[in-house]
Amino acid sequence: METKAEEHRAVVAKKPTLTPKAIIHQSFGSKALYTVEEVKECRQTERPRLSIQQKGPCLYRCTLQLPELSVVSGTFSKKKDAEQSAAEMAIEKLAIRPVIDDPTPQEAWGSLVARISYIFSENFLSSLHPLSGHIGAALLRKGDLCGSIPISVVAVYDAKIFSLCKCINPEVESNPFLVISFIMRATAELSGSLVTSEQHLWIRNQNPYSQDIVESLMKQDYSQECIQVVAVRIPSSVEKSVEAVTLHISSKEYYLDIIANELGFEDAANVLISRNLGRASSETRLFFAAPKSYLLDQSSKLPNGKETHHFEGSLNVRASYLSGQDIIGDVILASIGYTWKSRDLFYEDVTVRSYYRMLIGKTPGGIYKLSREAMLTAELPSKFTTRANWRGSLPRDILCMFCRQHHLSEPVFSIHPSKAVSASEMFKCELKLLSRHEDLIIKCFPEDSFKKQNDAIQNASLKLLSWLNKYFKNIIVPFEELDETIDFDIQIYSRNIFRGISARQSLHNGQLNAIELHKILESICANSSYIISGNGVCSLKIGGPDSGVCPCSGSLACMSYSVSLIGEGENIKEMIEVCNDFEFEVGVGAVISYVEEVVMQMSVGQSAYFTTNSLPDFIFASASDSAKIMSLLSSKTCYMEYEISLTKVAEPMEDRMEQALFSPSLSKQRVEFAVRRILESHATTLLDFGCGSGSLLEALLNYSTSLEKIAGVDISQKGLIRAAKVLNSKLVTNSDAAVLPSVISVTLYEGSITKFGSRLHGFDIGTCLEVIEHMDEDQACLFGDVALSYFCPRILIVSTPNFEYNVVLQKSSMTNQEQEDESDEKSLLQSCKFRNHDHKFEWTREQFQQWASDMAARHNYNVEFSGVGGSADVEPGFASQIAVFEREWTPEDNMLKEADMEYHYNVLWEWNSESK
Ligand code: SAH
Ligand code: MG
C-alpha cells in the first residue's frame with residue numbers, strides 16, 4: 001500500500017499539467033463514480049492533543065467505478081489523495097495516459113530500464129500486480145527455467161512499460177510486439193542483475209530471491225491439485241474450424257508452459273500474448289507461438305532505430321481480426337492469468353460460443369444483438385424514435401463500446417441548437433470519432449433535431465452506427481462507394497479507420513486473392529444481409545384465430561419465440577435461441593427483416609412457423625452446444641426453424657395519446673365526422689384516399705347510406721391486406737343484406753394518391769383522413785392539385801393533426817410507468833417532434849389553412865374549416881383539423897380525356913353484390 005502511494009505521488013509530481021482525476025474526467029466525464037469511505041482503524045499516535053470526543057484522523061479509501069472497471073485505492077489520510085490514487089490506478093490499468101504527458105524518447109528509455117529493474121526487485125515480488133504473480137509462479141518451474149518469465153509477459157501485463165515503449169516508438173500501438181524487443185534491449189543494460197537468453201525470449205534474476213520470500217510464496221494455497229480450463233483453438237487455416245480445448249494445469253506448473261505445450265512447444269518463452277480482448281477488465285487473450293524471426297537483431301540502434309519484422313508462416317485472419325494485431329499461426333484463446341485482485345491464478349472458461357460472441361461484438365449490429373441476447377432475431381434498428389420505444393443498449397453506449405473495441409478514443413458529441421419548428425427549442429448533434437492519438441477520423445452531423453439533447457445524441461450515434469454496420473456487412477465494398485449510400489452529412493478525414501478495422505488491414509498484408517478474401521470474410525463477418533437476400537422464409541404457416549389486433553408501424557410488439565436447427569436426414573432438432581418476452585418497436589428494423597415480415601402478417605394470439613435454410617455464422621454465438629451444431633451443419637441438409645407467438649401489441653404513441661384524452665377516441669371522432677358529412681351529401685360514390693387498414697370504409701358499412709360504389713386507395717400493401725380482411729368478413733361472412741341495401745361494389749386499389757388514374761375518376765366524394773402528414777410537404781401539395789383538378793370530387797374531406805394541440809396531448813399521454821421512465825423530463829412526446837415518427841410534418845392551424853385556401857382558390861373550390869377533439873373557439877383549437885372542399889363547377893366530359901395520363905392502380909381486392 002505504502003509503495004503504491006509513493007509511486008502515485010511521484011507520478012503526480014512529474015506531471016503538473018494534468019492530475020489523474022482530470023485524465024479520467026477527460027475520458028469518462030460523469031460516468032466516473034468516486035466513492036470515498038472511511039477506514040475504521042484510526043491512528044492513535046497522531047494528534048493526541050485533540051479533545052476526547054473527536055476521533056483521531058481517519059484514513060480514507062476510494063473506490064472508482066468506471067463503465068468497465070472498478071478499482072480500489074490504498075488508504076490515505078486525505079480524501080483527495082485517495083481519489084487521485086484510484087484514478088491513477090485506473091489510468092494504469094486502462095493505459096489511457098495522454099500522449100502529451102509522456103516524456104521524450106530518451107527519458108522514456110531511462111524510465112523503461114528503471115521500471116524493469118523495479119519489476120525484478122524483491123519489493124515488487126511482494127506487491128499485488130499481475131507480473132508479481134507470474135514471477136512467483138515461475139519460481140515453481142524446474143531446472144534452468146526456474147524463476148524465468150517470458151518477455152511477452154512483461155510486455156503485456158505492465159501498462160507503464162507499454163506506454164513508455166509507445167514514447168520510444170509510437171508504432172507500438174499498431175504492432176504491440178515491438179515492445180518485446182525494447183524490453184530485450186533494456187534488459188541488456190541491466191546485465192549485472194538480470195539474465196536473458198539470446199535464443200529464448202525470457203528474463204530472470206541473476207541472483208535468486210531471498211529464501212524468506214520464496215518460502216512465503218510456497219506456503220500459499222496450492223491445495224487444489226489440478227485445474228481444468230476450457231479454451232478455444234483458432235487454427236490459422238480458415239478451412240479448419242474453431243474448436244474447444246481443455247487445459248489441465250497442476251498446481252506445480254506454470255500455466256503458460258501448459259499453453260505452450262498445447263501449441264506444440266516445450267517452453268513458455270515461445271508464447272506471445274495479445275492485448276486483452278473485450279472489456280477493459282477482461283483477462284481474455286490470445287496465446288500463440290513467436291515466429292523464429294522474432295529473435296531480434298540486437299545490432300540496430302535505439303531508441304530511434306527502425307524495427308522491422310518479417311513474419312514467416314501464415315496470418316491467422318480470424319485471430320488478427322479479433323485482436324486488431326497481426327498474428328501468425330495457430331492460436332489458443334483463453335481467459336487465464338494473474339490479476340490485480342489476488343495472488344491466485346484467475347481463470348474462466350472460454351467456449352466456442354464465447355469466441356463467436358467476441359467476433360460479432362466487434363460490429364455495431366453485433367453489439368446490439370448481444371445486448372438483446374437475440375443473435376438470430378434482433379437487428380440494430382435503423383431509426384431512433386424515442387427512448388421509451390428503444391430496447392437493448394442505447395446507440396450512444398453501443399458507439400462507445402464499438403470505439404473501445406477498435407482502439408479508438410471515446411466519441412465526441414457536440415450539441416447545436418437548431419431552428420425550432422415551434423416556439424420550443426430543438427437540438428441537433430454533431431459527432432466525431434477520433435483515433436487513440438486524437439486524430440479526427442469521421443465527423444458527421446445529421447439534420448434531425450430533437451427536443452431532448454440526449455435524443456439528438458442517440459440519433460446521431462445511431463446514424464453513424466448504421467453506416468458503420470453497412471461497412472461491416474459489405475466489407476468488400478470499397479469505403480468510397482459506401483460514401484454514396486449516405487443520406488446524412490458525413491466526412492471521412494482519415495482512411496486510418498482501416499487501421500482500426502484490422503481485418504482489412506491484415507488481409508492487405510497477407511497476400512490473399514479476392515476469392516479467398518471473400519470466403520474468409522464470409523466466415524468471419526457476422527453478416528445477416530446475405531441470409532435475407534438468400535432464401536429467406538420457407539413454408540410459412542400462421543395459425544390461430546385472427547384477433548384483429550395487429551402490429552403496425554410505431555407500435556410495440558411482444559413475442560415469444562424459439563429458433564431451432566434441424567438436421568433433416570438425422571431428424572435431429574437442436575434449440576439454439578429462445579425468448580419468452582421479446583419486445584420490439586415495429587417498423588424500424590429492430591428485428592431481422594424476415595421476422596418482421598412475418599410478424600406484420602400476424603395478429604395477437606396467433607402463432608407462426610417458418611424455416612429458412614441460409615444459416616448465419618452467428619448460430620454459434622447463440623447456441624451453447626457448438627459441437628452438436630457443428631455436427632448438424634455437416635449433415636446433408638440442415639435448416640433453421642422459427643416458431644413465433646405474438647403475445648401483445650401496444651399501440652403507437654399517437655393512438656395512446658389520442659385515447660388517453662378523448663372519448664370516443666380521436667380516430668373514432670374523425671370517422672364519425674366523415675360519416676356524418678357523407679350521409680348529408682347523399683353521395684352515391686366514395687373514394688377514400690390513403691384508406692390504410694380501412695377504418696372509415698368498415699364504419700360506413702354499419703350505416704344505411706346512399707352509397708353504391710365504395711373504393712379505397714393506399715400505397716401500403718400491408719394496410720390494404722388488413723382492410724381486405726376486415727371488409728371481407730363484414731361483407732361475405734355477415735352478408736346481412738338489410739344493413740347494406742345500396743352498396744353494389746367495394747374495391748381496394750394499391751397505388752399512390754399523388755397519381756391520377758382515369759379508372760378512379762368521377763367519385764362524388766373523397767376522404768383523406770390523417771394521410772397528408774405522412775407525405776413530404778411538396779407531395780401533399782401535389783396530392784391537393786391532383787385530387788382537385790383530375791379526380792375532382794364534389795366534396796373532399798381532408799384531416800391532419802394540429803401541431804399546436806400537441807402540448808395538450810403531451811400532458812395527458814403518460815401512464816405512471818412512463819412518468820417514472822422519463823423522470824428527467826415531463827413527457828414522452830417531448831422526445832419526439834411529432835405525434836408519430838412516421839409523420840413528415842405537422843401543421844399549425846395557420847399553415848393548414850394556408851395550404852387548403854391556396855388549393856381551393858387554384859381549383860375553384862370552396863373550403864370550410866372544422867375539426868374534432870377540442871373546439872374551434874378554445875385555444876389551441878381542434879386536435880385534428882379538417883378542411884371540407886366543395887366544388888363550385890361541373891366538370892366537362894372532355895376534360896376527362898385530357899386527363900387520361902394513365903396511371904395504373906392495381907386492384908388488390910374487390911367485392912360486388914352480384915357475386916354475393
Ligand atoms: N386514413 C386511414 C389511415 C391513416 S394512416 C385512417 O384514418 O385510419 C396514413 C396512410 O396513408 C397509411 O396507410 C399510408 O400507407 C398512406 N399513405 C401515405 N402516403 C401515401 C401515398 N402517397 N399514396 C397513398 N397512400 C399513402
Ligand atoms: Mg398520421
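**Exercise 1.** Which protein atoms are the donors of the magnesium ion (ligand 2), and how far from it do they lie? Describe also how these donors are placed along the chain.

*Solution.*
Step 1. In this predicted model, the protein donors are E773 through OE, H774 through NE2 and H839 through NE2. Their distances from the magnesium ion run from 2.3 to 2.4 Å.

Step 2. Along the chain, the donors of the magnesium ion follow the spacing E-H-x64-H. The pair H774 and H839 links distant parts of the chain, 65 residues apart. H774 belongs to the loop between strand 25 (765–769) and helix 29 (777–791), while H839 belongs to the loop between helix 31 (816–821) and helix 32 (845–859).

**Exercise 2.** Classify H774 and H839 as buried, partly exposed or exposed.

*Solution.*
Step 1. The class "buried" requires under 20% relative accessible area, and "exposed" requires over 50%.

Step 2. H774 has 27% relative accessibility and therefore counts as partly exposed.

Step 3. H839 has a relative accessible area of 5%, so H839 is buried.

**Exercise 3.** Characterise the surroundings of ligand 1 by residues, polar backbone contacts and buried area.

*Solution.*
Step 1. There are 15 residues around ligand 1, of which G690, D714, S752, I753 and L769 come nearest. By class, this shell has six nonpolar, seven polar and two charged residues.

Step 2. Nitrogen atoms of ligand 1 lie 2.7 Å from a backbone N or O atom of G690, 2.9 Å from a polar backbone atom of L769 and 3.0 Å from a polar backbone atom of I753.

Step 3. Ligand 1 taken alone exposes 570 Å², and the protein buries 79% of that area.

Terms used. Residues are numbered from 1 along each chain as its sequence is written. Chains are lettered from A and ligands numbered from 1 in the order in which they are written. This is a predicted model: local features need pLDDT of at least 70, side-chain atom pairs count only at pLDDT 80 or more; totals for chains, interfaces and linings use all residues. Side-chain values use heavy atoms; hydrogens and water are left out. Donors are N, O and S atoms within 2.8 Å of the metal (3.2 Å for Na, K and Ca); water is not among the atoms, so sites may look incomplete. Helices (H or I, at least four residues) and strands (E, at least two) are DSSP runs, numbered from the N terminus. Buried means under 20% relative accessible area, exposed over 50%, partly exposed in between (1.4 Å probe, protein chains only). A residue is near a molecule or strand if one of its heavy atoms lies within 4 Å of it. A polar contact is a pair of N or O atoms within 3.5 Å; within protein, one must be able to donate a hydrogen and the other to accept it, and residues adjacent in sequence count only if both atoms are side-chain atoms. Accessible areas come from the Shrake-Rupley method with a 1.4 Å probe; for residues, only the protein chains shown count as cover. Ala, Val, Leu, Ile, Met, Phe, Trp, Tyr, Cys and Pro count as nonpolar, Asp, Glu, Lys and Arg as charged, and the others, Gly among them, as polar.
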